Amino acid sequence: MYIYTYTICICCICTDSLPAILDGPLYDSSAYTECKLQPEKPLYNGGILNNPLLNGDRIHSPSFVLQNLDNATKYCFSIWIKIKEPEPALVRASLVTEATTLNCIGTVIAKEGCWSFLKGGFVLSSPSYLSTLYIQNPDGRNISIEIASASLQPFTDQQWRLNQETKINQARKRAVNIHISDKKGIGLKGAGVRVELVSKDFPFGSAIASTILGNSLYQKWFVERFNAAVFENELKWDATEHTQGQLNYTIPDQMVEFVRSNQIIARGHNIFWENPKYIPKWVLNLTGSDLESAVESRIESLMNKYKEEFIHWDVSNEMLHYDFYEKNLGPNATLRFFGSAHRADPLATLFMNEFNVVETCMDADSTVDTYVSRMRELKMGGVSMDGIGLQGHFDVPNSPLMRGVLDKLATLGLPIWLTEVDISNKFNKETQAIYLEEVLREGYSHPAVDGIILWTALRRGGCYQMCLTDGDFNNLPAGETVDNLLKEWDTGILNGQTDEHGSYTFFGFLGEYKVTAKYGNDTFGSTFSLPRGQETKQFNIQM
């Protein structure tokens, strides 16, 4: 069981960098994706459900009566579920208050003969005196549902933020001790020290479009902020081979040169897209061996052209929602795609990439358990796939649900990336910025998330849903949010002096550092890496 605590031992240094300790619950990251013979104990000892009041049909739709729920609180819900049904079935938790209905606050694919773990939660927009939390099959099937170890734990906004800051300190930062001595190894008191984080370890970036080419203002704005990128459309099949046999990589070649020359890592998006709407029209007309030949040619051409240029490849985009290639090439088509891609570029991490996994639990095609199940199927088929791609096209974010989903995906032990983050344009720009901050804090603070990409390419006519700037690269509210977070998640430049032992200590974000030491008339400059680790990083300088 993984429980994050508020106390971090960092050799008693840099206590100003740590969040203040508050009374309140410690977030429990425990999660399970395997069906168990016996349920685990309830998280938080059940929280406010430690003596639950069950209501209604306790066999087919067990429910809990809840009183005095607050709109300024985040509620984390978990429960173990078993069904009496030969086939696995989706079970959904929902909440009904006097003012609203939250149709989904968590899901699980439950089975007969073993217990499955549902983890999610909710945030209310208005307080509720009397609510009902339902556990039921959304398809209307009359399934017998058994429940155990239910838990509902409230967190104030302050407690929630404290948990985030604690996890950031644990996963994204590390203690450093710089020791400065003379040639005999004797510590030098009062030596001047200047430390600068010159390259961040955590990949944080945005999609880019061809409009960045030749646009020095766009390029300068991007390079000053981001260390990761993805091409919005330029690598997709219809962009590189709109007409059969007429390959054109001119634009992506130039975009590769841009990211390479600026030391920006890039994701490859995508080799195939399962949605027929985005498949080249000429491909839709192919069948049998002609289609087989076309897809093999696509993989060979693309992967040989850009071998070792991209750290990731989204191999078969949105395969949980669409299945054009498996319908037309057989159920093993996806297995062959991943196998061919791995052989062509074995250093690239191959990803699934899906929407509506962390954004909501209302989409039955892409529940967290559906995602996990599909990954396991591909692994059993011999696929080399080591990345979890979550697009992140959000409406109103549900932080407890998002965190619960990430907890369950983290049990797979694979890198998780938020690959296409934005907020719906049905909200005004100020609201987009508020929701964006909520999503980014949740993603950055989760230890299993290894990178975040925004879906904010500025192209002719604007952006897909959300822009960070106007056409002159003046920040919009969302851009201001991003800049503020980038500043918050940066050690920046530190200046100080060594103590009586010749040591200068600090607590910094992971990455590459430049350090300059001055003592008397002597100056010494060097660099060091600060990777993830629990122990204090030691760096020695002799003057």
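## Cysteines, a histidine and a helix pair

Q: What makes Cys 361 count as buried or exposed in this predicted model?
A: Cys 361 has a relative accessible area of 7%. Buried means under 20%, so Cys 361 is buried.

Q: What makes the link of Cys 104 to Cys 361 a disulfide?
A: Their sulfurs lie 2.0 Å from each other, and the cut-off is within 2.5 Å, so the pair counts as a disulfide. With -130 degrees about the S-S bond, this link is left-handed.

Q: Why can one say that Cys 104 and Cys 361 tie together parts of the chain?
A: Cys 104 sits in strand β5, while Cys 361 belongs to the loop between β15 (349-354) and α9 (368-380), so the bond ties together parts that are 257 residues apart in sequence. As for Cys 104, its relative accessibility is 11%, so it counts as buried.

Q: Why is Cys 76 not given a bond to the closest cysteine sulfur?
A: That closest sulfur is in Cys 361, 13 Å away, which is too far for a bond. The limit is 2.5 Å. Cys 76 is buried too, because its relative accessible area is 6%.

Q: How do you know that Cys 35 and Cys 114 are joined, and what is the hand of their link?
A: The S to S distance is 1.9 Å, which meets the requirement of within 2.5 Å. The link is right-handed, with 100 degrees about the S-S bond. Cys 35 is in the segment before β1 (54-55) and Cys 114 in the loop between β5 (101-110) and β6 (116-123), 79 residues apart.

Q: Why do Cys 35 and Cys 114 fall into separate accessibility classes?
A: Cys 35 is at 25% relative accessibility and so counts as partly exposed, whereas Cys 114, at 12%, counts as buried. The boundary for buried is under 20%.

Q: Why is the disulfide of Cys 463 and Cys 467 called right-handed?
A: Its torsion about the S-S bond is about 110 degrees, so it is right-handed. Both Cys 463 and Cys 467 are buried.

Q: What makes the contact of His 321 with Glu 354 a polar one?
A: The two side chains come to 2.7 Å, and a polar contact needs N or O atoms within 3.5 Å. His 321 lies in the loop between β14 (312-317) and α7 (324-329). At 16% relative accessibility, His 321 counts as buried.

Methods. Residues numbered from 1 in each chain as written. Predicted model: local features only at pLDDT ≥ 70, side-chain atom pairs only at ≥ 80, totals over all residues. Heavy atoms only, no water. Helix = DSSP H or I, 4+ residues; strand = E, 2+ residues; numbered from the N terminus. Buried < 20%, exposed > 50% of the residue type's maximum accessible area, 1.4 Å probe, protein only. Polar contact = N/O pair within 3.5 Å; in protein donor to acceptor, adjacent residues only side chain to side chain.
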